[in-house]
Every structure is written in structure tokens, then in C-alpha cells.
Amino acid sequence: MCGIVGITGNKPVADILINGLKRLEYRGYDSSGIAVSNGGLNIFKAKGKISELENVTRGENLEGLTGIAHTRWATHGPPNVINAHPHCDGNCDVVIVHNGIIENFTALKTRLAASGHEFISDTDSEVLAHLISEYYEGCLEDTVRKILHLVEGTYGLAVMHADEPEKIVAARLGSPLVVGLGEECNYLASDVAAILGETKRVLYLKDGDVAVLTPDGVDVTSIDNVPLSREINEINWDLDQIQKGGYPHFMLKEIFEQPKTIRDSFRGRILPELGDMKLDGLEMSDTELREIKRIVILACGTSWHAALLGEYLIEEHAGIPVEVEYASEFRYRSPVIEPGTVCFVISQSGETLDTLEAMREARRRGAKVLGLTNVVGSTIARESDAGIYIHAGPEIGVASTKAFTSQVTILLLLTVLLARRRNMSLVRGQRIIKELELIPEKINKILEQSDKILEIAKVYKDVANFLYLGRGYNFPIALEGALKLKEISYIHAEGYPAAEMKHGPIALIDPDMPVLVISTSDGSYQKIKGNVQEVKAREGKIISIVSEGEKEISEMSDHVIEIPESLNMLTPLLAVIPLQLLSYHIALLRGENVDQPRNLAKSVTVE
Ligand code: AGP
């Protein structure tokens, strides 16, 4: 999604702004732009990659100590130079960058056009620059506060005015903004990654905040000009953690990091001798944990797949009814929340708008809301009643990999925590922890098969469709495998519960149709063997993920990937790894941009 960077201080800002934009590239964008204050407001914009913006600005005068920059992910109007941000008013006295959507922009535009304003872009955002110019009376923050009362929609907004050249005014409603504090230099960004190289002291703006940044300081008020104080946080991520570390792509780096990130997720939270878990972040006593009557889990995309796995785990082991909902559906229907319902909200970014709004809806209906997020200080993390950080570290590849396995790890810990307060025995709890501790090493063994998976990818790189089948715990993994493939390779792929195949998808099976079957040795093994035979009988191609030493399905398969044995409930953490690698290799062989697939954004902050 769109990204914002801003700086005002005592050093030339152009390079820092452009580097900041580069660190936001992973969020997905299709054009970019920069505005620097030097005698007036100089604006440069380009369609496509940030390297295009660098080409456009080469040799131009971008000297200046205050500036704002933007990466745009098109919503209103195609990706082109005119629609790229920054936008300005007719005289270029006001310049803005904006994330979010101004819902009443048509009405505002009509009114402004009637009083002589001329618009040049298709965007909703441009109206903000004209509104500010219309109402400006010498103080930018007063004007911004005034016009925000006229605006309906969502915004992460940064504004400059030619008459106040050292000032950036920022405002937030529904679209994240973070302020970085430096020495005689202050920073603004939609994502802390953009300014991490400059400062680690940040404050997160809340919805309704207006911030004024100058080289001397930062003031935050409400849009009604009530002074506010916001806590200063120290970021503990390094710049190294958001760089590729020798891998050709972030996605591959993140796939290979999983032995470590899974360990980071359970480190300090497992109690091996007690066969129990310690999840202090939940801030719930044993009695409160025992009193949970029903769980609702809200999420989108990959996080939703982790949630589905959470349902299977918690219902089987803790016996608590669980309902998994797409956040976007939950927020607009009339969900019933009874007393004793706890709502878990899963989001890697902690900024997904549908998930955030669903969380707010759940709270309005009386649920306690608990966040499972990766990004520290994200909106969901801050607005939830309590929660657990998954500790996967920054995930840059748009296709989620390590965040998924960390989400699943946390759901496993949660399952044991809840189950041990019900019927799970000490011995069972101890056994699960022992097996969980072995998972990172087992993943290493699967990662060693990357070259073998590359060979399989070469066979199937040109197919048009793919089917992924799994049963039980492996069904959410089939869904996740299919999503990974379609996201980055653009091959149409569907995940299905294996037994559902005969209710429709079996019609698609022919010698050109690859079917990936996850058939590890659990309770459903015998059944899935039957499903494999059904594919074989129709000459479909079979790629199977089987437990080490498995014979029968392997013999029926065209390609076999073996994964180590584990407890059934832990197998998904292993089974998903070859699917991530298969998608990565296929996408790369097709020449696609695996880290920034077309049309996708890392953090989906619009509906
Ligand atoms: C994952 O590969 C996707 N890019 C996407 O489905 C993602 O999981 C979804 O948008 C939810 O994001 P979140 O976890 O940050 O809320």
C-alpha cells in the first residue's frame, strides 16, 4: 500500500527521503514522488519503480532541509505521473502526500471547482491540497485541523506550505503514521522501516492526532487543538534485519529464517517441566482462561489460514468452540457475541484495515479482544485489550512465510495453555513441548531439499492451474500453499479439503493438471490414499508431501517430497515449508518479481 516519508531538520533530505521510500517498497506501489522545500516547493514524480524517480531527479536541484515523499498504490485513477503523489494546489503553495481514501472527494471537488480550483489528477487525494489552500490563513496546522472536519474517509497525511518552509503537518485517521525523533531533525513515516536508519526513538500517532514537525520538536494535538502527549518508544529492530543478508530475495531469506523465527516465537514461553506455557501478554489469570466459553478468530489472507489451523487445534485439544471469520465479513454482518466470548485478532502487519475494523466491531459487541501481531506498536497491537507478539522479525516479502509459521507456533502455545487448564495431562503437555523444540531442526532438513523442489518447479512452471489437497490439519496448509502460488506466480491455484474434490474439482483433473497432495501419516492417511487414487485414475499429475519412509502414496506419485515425522498437531509447521519453496521457485522460473508481486500490498490499509 502507499507509503509516506517526511523529514525536517538540519541536513539535506532528498537522499534520506528516497532511501526511506526504498525501505517501503515491499509494501507494494506503482509510482512515487518527492517534494522538497528550497525557496519554493519542488516536486518530482515518476511512474513505476523508485529507480525511475531517481532518474527523473538526477541533476535536478533537490537541495533542501525539509521534504516529504510517497509511494502510491493506485486506488482512484491509473498509476501514472499525474496521479502520483505529492499533489499540490494550483499555485504549488501547498503540497500533500496521502494514504487512505477520501470518501466525499467528489462533493468537495465540485465545491472547490465552483470557486475556481482546477484539478489535474483522477485522485481523491488532490482535493486535500486544494482544500488547505482554500482555507489557509497563515498557520498550516490550524488550516489542516479545520479542513479535516470537512473530510470523510481515512488518511495518513503529510502537508507542507511554501510560506512555512521548515514545517510538516501530519494527521492520522485509519492509516498509520509514526514520528521519529532525532537531534535537530524529526521524521515522519507510515512504517517505521522507512526511518530506522535515522532514528530508533519513535512515537506512534493515534487516530484523530495532528502532529506538527519542525527541526526543534514535535507537537501533537487532537483535530480540535487539544494538546496530547504520546509515549516515546525505542525500536529494537536493526537495519540489518530489514535487508536481504546475502539472499537474492527477501522471500527466500524469510523462508530460510524459519528455524530461527519459530524458535524466537516460543523462546521464553514454554515451560518444559510443567508441560505448560507462559503467555503473559494475554494478561489473563488461570480462572479467566478457564472461563472462556467461545473463541472467535478474525483475520485476512494468510493470517486467516493460521486462524483456521487455530480452530482445529483449540477445538481438538482444549474443547472450546472456535469460529474463524474473514474480518471483512465479520465487520459488516451482525455477529453474535455472547458473554464469555474472547476474540483473537491475527495480523502480521497489525494494520490491515478490515481486521482492525472487525476488532473494533467485536469490542463494540462486548468481546474481549486479544491481538496476535508481528509489528510492535502497530495499531492492532495498541488497540487490543492485550495480546501476544509473534516475534517473527520484520517480514518484507509481500508473500507471508515466516509470519505464518510464527502465528501457527503461537496458536500451538495458546492451545496447550488453554488445554492444560482443562483436560490435557502433564505428560501430554511435556511431549508437545519436546516435539516443538525439535521442529526448527526438522525444518532445516526440509530446506536442504530446496534444489530438489527447484527441479519439480521446472516441470510445472508453465501450467495454468494447480490443485492443493489436504485433510485435517493439512487442509489449512493446502489453502496456504495455493495462496502462495497464485500470489507470486499468477498461476491459478485452489486449495481444497481432499474429500471435497469429488464434489466438483475432480472435473478438472486431466493429464495437464498437477495436484499437490499433503498426506502425512496422521488419522486421515488411509482416506487421503483413496483421494490420490482418484486423481491417478484420471491421469492427473501428483506431487505428494509425505512423511519420511512412506511407501504407498509415494509409489502413486509423480514427485515426492519427504518431511520428518512429528506430532500431527505440529506437522503443519513442516508441511508448509516445501509449498513455500515450490511457489518461490516456480515464480522465479517464470521471471516474476517474487518480493513485490503485481497488484498486491504488504499491508492492506484500504477496504
Ligand atoms: C500473505 O501472503 C498475503 N500477502 C496476505 O494474504 C496477508 O496475509 C493479508 O493481507 C493479511 O495481512 P496481515 O496479516 O498483515 O493482516
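**Domain arrangement, ligand site and backbone features**

In the predicted model, the C-alpha centres of domain 1 and domain 2 are separated by 45 Å. Domain 1 covers residues 3-241, and domain 2 covers residues 449-592.

The ligand occupies the second largest pocket of the protein. Two elements each give two or more residues to the shell around the ligand, namely α9 (301-318) and α16 (474-489). The ligand is surrounded by 15 residues, of which S303, S347, S349, T352 and E487 come nearest. In terms of side-chain class, the residues of this shell comprise 8 polar, 5 nonpolar and 2 charged.

Polar contacts to oxygen atoms of the ligand are made by S347, Q348 and T352. For S347, a polar side-chain atom lies 2.6 Å from an oxygen atom of the ligand. Q348 contributes through its backbone, with an N or O atom placed 2.7 Å from a ligand oxygen atom. In the case of T352, an N or O atom of the side chain is found 2.4 Å from an oxygen atom of the ligand. The ligand taken alone exposes 420 Å², and the protein buries 91% of that area.

Two features of the backbone were also examined. Most peptide bonds are trans, and most residues other than glycine have a negative phi. The peptide bond from H85 to P86, by contrast, is cis, with omega near 0 degrees. P86 is placed in the loop that runs between β4 (66-72) and β5 (87-88). The second feature concerns H391, a residue other than glycine whose phi is positive, with a value near 60 degrees. H391 is likewise located in a loop, here the one between β22 (386-389) and α13 (402-420).

Methods. Residues numbered from 1 in each chain as written. Predicted model: local features only at pLDDT ≥ 70, side-chain atom pairs only at ≥ 80, totals over all residues. Heavy atoms only, no water. Domains from an automatic or database assignment. Near = heavy atom within 4 Å. Polar contact = N/O pair within 3.5 Å; in protein donor to acceptor, adjacent residues only side chain to side chain. Areas by Shrake-Rupley, 256 points an atom, 1.4 Å probe, with all protein chains shown as cover. 1 Å grid on protein atoms, 1.4 Å probe; cavity = no way out; pocket = protein on both sides within 12 Å on 5 of 7 lines; lining within 4 Å. Sits in = over half its atoms within 2 Å of the grid points. Helix = DSSP H or I, 4+ residues; strand = E, 2+ residues; numbered from the N terminus. Nonpolar A, V, L, I, M, F, W, Y, C, P; charged D, E, K, R; others polar.
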